[in-house]
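Q: Got a minute to look at a structure with me? I'd like to go through it bit by bit.

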Amino acid sequence: MDQLDDSFSPEALRDGARIGPYTVVGNRPIGKGGQACTYRVERGGNHYALKLIFGKENMPPEDWRQAVLRTKRECGVLCEINHPNVVQTYEIGQDDGRYFIAMEYLDGQPYSRVLSRLRAQLPLA
């Protein structure tokens, strides 16, 4: 991977950084959770969402191995789903010991913003 600081943090990726065959677009993640950061990336002129899995440094080796195996199984199932209401998952990969999941990129608002707006419109019971 390119453009990482000495102590890797998923937030350390910057515009133009490479993760496997993908190039990061923008200077910050488009999403972040407890075990992953998601970036908008480009490959061959197309945009994707790339979820970069982290946590290896904070887990015992066996727990990390189990987490990777679980993620691979889940991705195997998700790659088989093709439905208009489900984001397409394309692959799970590895670059320099870091695992990533490549998914369909959807341009729009974060779900949390949509949910907040809907909650504001719903009457209280």
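**Chatting through the model**

A: Sure. One number to begin with: of the contacts in the protein between residues at least 6 apart in sequence, 33% join residues at least 24 apart. Keep in mind that this is a predicted model.

Q: OK, how many helices and strands are there in the protein?
A: Two helices and seven strands. Reading from the N terminus, the order is β-β-β-β-β-α-β-β-α.

Q: And what share of the residues is buried?
A: Buried residues account for 30% of the 125 in the protein. The accessible surface is about 8,400 Å², and carbon and sulfur atoms own 49% of that.

Q: Let's go inside. Which residues have the most contacts in the largest nonpolar core?
A: Leu 13, Tyr 22, Val 24, Val 41 and Leu 50, in a core of 14 residues. At least two residues of this core come from each of β2 (22–24), β4 (36–43), β5 (46–53) and β7. There's also a second, separate core of nine residues, with Ala 49, Ile 53, Trp 64 and Met 103 among them.

Q: Why would side chains like that end up together?
A: In general terms, nonpolar side chains in soluble globular proteins tend to be buried together.

Q: Back to Val 41. What does it touch, leaving out residues up to four places away in sequence?
A: Val 41 touches Tyr 22, Thr 23, Val 24 and Val 25, and also Asn 46, His 47, Tyr 48 and Leu 50.

Q: Changing topic: how many disulfides does a search of the whole structure find?
A: Zero.

Q: Why doesn't Cys 79 have a bond to the closest cysteine sulfur?
A: The closest cysteine sulfur is in Cys 75, and at 6.0 Å from the sulfur of Cys 79 that's too far for a bond. The cut-off here is sulfur atoms within 2.5 Å.

Q: Is Cys 79 buried, exposed or partly exposed?
A: Partly exposed, at 26% relative accessibility. Cys 37, on the other hand, is buried, with a relative accessible area of 0%.

Q: What about salt bridges, how many are there?
A: The count comes to two. One is between the side chains of Arg 43 and Glu 91, at 3.4 Å from N to O. That pair links distant parts of the chain, since Arg 43 is in strand β4 and Glu 91 is in strand β6, 48 residues apart.

Q: Are Arg 43 and Glu 91 buried or exposed?
A: In between. Arg 43 is partly exposed with a relative accessible area of 36%, and Glu 91 also counts as partly exposed, at 25%.

Q: And which side chains meet in the other salt bridge?
A: Glu 62 and Arg 65, at 3.1 Å from N to O. They're three residues apart in helix α1, so about one helical turn separates them. Glu 62 is partly exposed at 40% relative accessibility, and Arg 65 is partly exposed too, at 42%.

Q: Now the outside. Which residues form a nonpolar patch on the surface?
A: Val 77, Leu 78, Ile 81 and Val 86, with about 280 Å² of accessible area together. Val 86 lies in the loop between α1 (61–80) and β6, and is partly exposed, with a relative accessible area of 34%.

Q: Gln 88 caught my eye as well. Where does it lie?
A: Gln 88 lies in the loop between α1 and β6.

Q: Is Gln 88 buried or exposed?
A: Buried, at 16% relative accessibility; the cut-off for that is under 20%. Leaving aside neighbours within four places in sequence, Gln 88 is in contact with Leu 78, Cys 79, Ile 81, Asn 82, Met 103 and Glu 104.

Q: Any backbone oddity at Asp 96, and what is its phi?
A: Phi of Asp 96 is near 55°, a positive value in a residue other than glycine. Asp 96 is in the loop between β6 (89–95) and β7 (98–104), and is exposed, with a relative accessible area of 62%.

Q: Last one: where is Gly 34 found?
A: In the loop between β3 (31–32) and β4. Gly 34 is exposed, with a relative accessible area of 72%. From Gly 34 to Ile 53 is 9.5 Å in space, C-alpha to C-alpha, with the two 19 residues apart in sequence.

Methods. Residues are numbered from 1 along each chain as its sequence is written. This is a predicted model: local features need pLDDT of at least 70, side-chain atom pairs count only at pLDDT 80 or more; totals for chains, interfaces and linings use all residues. Side-chain values use heavy atoms; hydrogens and water are left out. Helices (H or I, at least four residues) and strands (E, at least two) are DSSP runs, numbered from the N terminus. Buried means under 20% relative accessible area, exposed over 50%, partly exposed in between (1.4 Å probe, protein chains only). Patches are made of residues with over 30% relative accessible area and no salt bridge: like charges are joined within 9 Å, nonpolar side chains (Val, Leu, Ile, Met, Phe, Trp, Tyr) within 5 Å. Accessible areas come from the Shrake-Rupley method with a 1.4 Å probe; for residues, only the protein chains shown count as cover. A salt bridge is a side-chain nitrogen of Lys or Arg within 4 Å of a carboxyl oxygen of Asp or Glu. A nonpolar core is a set of buried Ala, Val, Leu, Ile, Met, Phe, Trp, Tyr and Cys residues joined through side-chain atoms within 4.5 Å. Contact means heavy atoms within 4.5 Å.
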